[in-house]
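Hi,

Here is the structure I promised to pass on to you. Have a look at it first, and then read on for what turned up in it.

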Number of protein chains: 2
Amino acid sequence: MSKASHTECTSEMLPVRDALDIISGKWKLLILISISSGNSRFREIERSIPKITSKVLAKELKDLEENELIERTVYDDIPVVIKYTITPYAKTLQPVIQALSDWGKNHRKKILGR
Amino acid sequence: MSKASHTECTSEMLPVRDALDIISGKWKLLILISISSGNSRFREIERSIPKITSKVLAKELKDLEENELIERTVYDDIPVVIKYTITPYAKTLQPVIQALSDWGKNHRKKILGR
DNA sequence: TTTTTCGCTTACCTTTTGGTAACTGCTATA
DNA sequence: TATAGCAGTTACCAAAAGGTAAGCGAAAAA
């Protein structure tokens, strides 16, 4: 008989994988933070996130919209105005952002201080 | 004068960015979950994570070790045995993993059910 | 009239990430 | 003796993510 084995943990990994599929990457959470902070127009968001380019921003906004985390609204003024807002569903990500933010703060202290 | 402006939020983004730099990517959290679940040897970890390859696992383990999230210990038995364990510091990531897991579970429900 | 702003898109390129398969020296098991 | 397991490494390649720079038509500001 083979000795080869391991502890099963796919059920613990599955939900984490699901979450990562949607919010991982360099930009998505930063974009949500920017919009939550009051930026709603394309150029505003772009200017608020250091180093992001319009190409990447456009693509990430599409992804976020597809996952119902933001909404894109067109106002037919002259000229037309486009605004991005976060959805109520995106607000359920708050604990994730908070946990990452807390850990990041602590990590920076650990790396720099002491 | 230019009207171009935006709401500043770099201070909110910085810690999240720091955290993402270290734990983002497809595999790192899954590896931590696997080791936390009781897997400690290379092949065990490999078998416990669907689709991971030994090449990728070896690289990710190195990254995690560099960031002091896991420890690699060599036991000089014959044959030599190598074990990976999570550090106390890695345990500070628990709230992050929990938040992601909770959100992932809920998201799956949202997508599938209703 | 010229410049700037808006919300993007396009073409091209580099970097990062991941996948395949074979292979290593050693030991243990059948 | 042949095979399988251990902990990886190596060479090669494909895909995904990201960066660079330019440009579009319309309108507003200088």
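The backbone of A:Phe42 has a polar atom 3.5 Å from a phosphate oxygen of DNA strand C. Keep in mind that this is a predicted model. Right beside that residue in the sequence, A:Arg41 uses its side chain: an N or O atom there sits 2.8 Å from a phosphate oxygen of DNA strand C. A:Tyr84 does something similar, with a polar side-chain atom 2.6 Å from a phosphate oxygen of the strand.

Zooming out a bit, there are 22 residues around DNA strand C, and A:Arg41, A:Arg43, A:Arg72, A:Tyr84 and B:Lys55 come nearest. Of the strand's atoms that come within 4 Å of the protein, 60% belong to sugar and phosphate.

Which helix gives the most to the surface near DNA strand C? That would be H4 of chain A, with four residues. At least two residues each come from helix H3 (42-48), H4 and strand E2 (81-86) of chain A, and from H4 of chain B. Sorted by type, the residues of this surface are nine nonpolar, three polar and 10 charged.

Now for the salt bridges. Over all chains there are 14 of them. One is between the side chains of B:Arg108 and A:Asp18, at 2.6 Å from N to O. This pair crosses between chains, going from helix H6 (residues 94-112) of chain B to helix H1 (residues 10-23) of chain A. Are its two partners buried or exposed? B:Arg108 has 34% relative accessibility, so it counts as partly exposed, while A:Asp18 has 14% and therefore counts as buried.

A:Glu68 and B:Lys110 make another salt bridge, with their closest N and O atoms 3.4 Å apart. A:Glu68 is in the loop between helix H4 (54-66) and strand E1 (70-75) of chain A, and B:Lys110 is in helix H6 of chain B, so this pair joins two chains. Both partners are partly exposed: A:Glu68 has a relative accessible area of 47%, and B:Lys110 comes in at 23%.

Within chain B, B:Asp63 and B:Lys28 form a salt bridge whose closest N and O atoms are 3.6 Å apart. Because B:Asp63 lies in helix H4 (residues 54-66) and B:Lys28 in helix H2 (residues 28-36), the pair ties together parts that are 35 residues apart in sequence. B:Lys28 is buried, at 10% relative accessible area. Over in chain A, shared partners link A:Lys28, A:Lys59, A:Glu60 and A:Asp63 into one network of salt bridges.

Cheers

Methods:
Residues are numbered from 1 along each chain as its sequence is written. Chains are lettered from A and ligands numbered from 1 in the order in which they are written. This is a predicted model: local features need pLDDT of at least 70, side-chain atom pairs count only at pLDDT 80 or more; totals for chains, interfaces and linings use all residues. Side-chain values use heavy atoms; hydrogens and water are left out. A salt bridge is a side-chain nitrogen of Lys or Arg within 4 Å of a carboxyl oxygen of Asp or Glu. Buried means under 20% relative accessible area, exposed over 50%, partly exposed in between (1.4 Å probe, protein chains only). A residue is near a molecule or strand if one of its heavy atoms lies within 4 Å of it. A polar contact is a pair of N or O atoms within 3.5 Å; within protein, one must be able to donate a hydrogen and the other to accept it, and residues adjacent in sequence count only if both atoms are side-chain atoms. Ala, Val, Leu, Ile, Met, Phe, Trp, Tyr, Cys and Pro count as nonpolar, Asp, Glu, Lys and Arg as charged, and the others, Gly among them, as polar.
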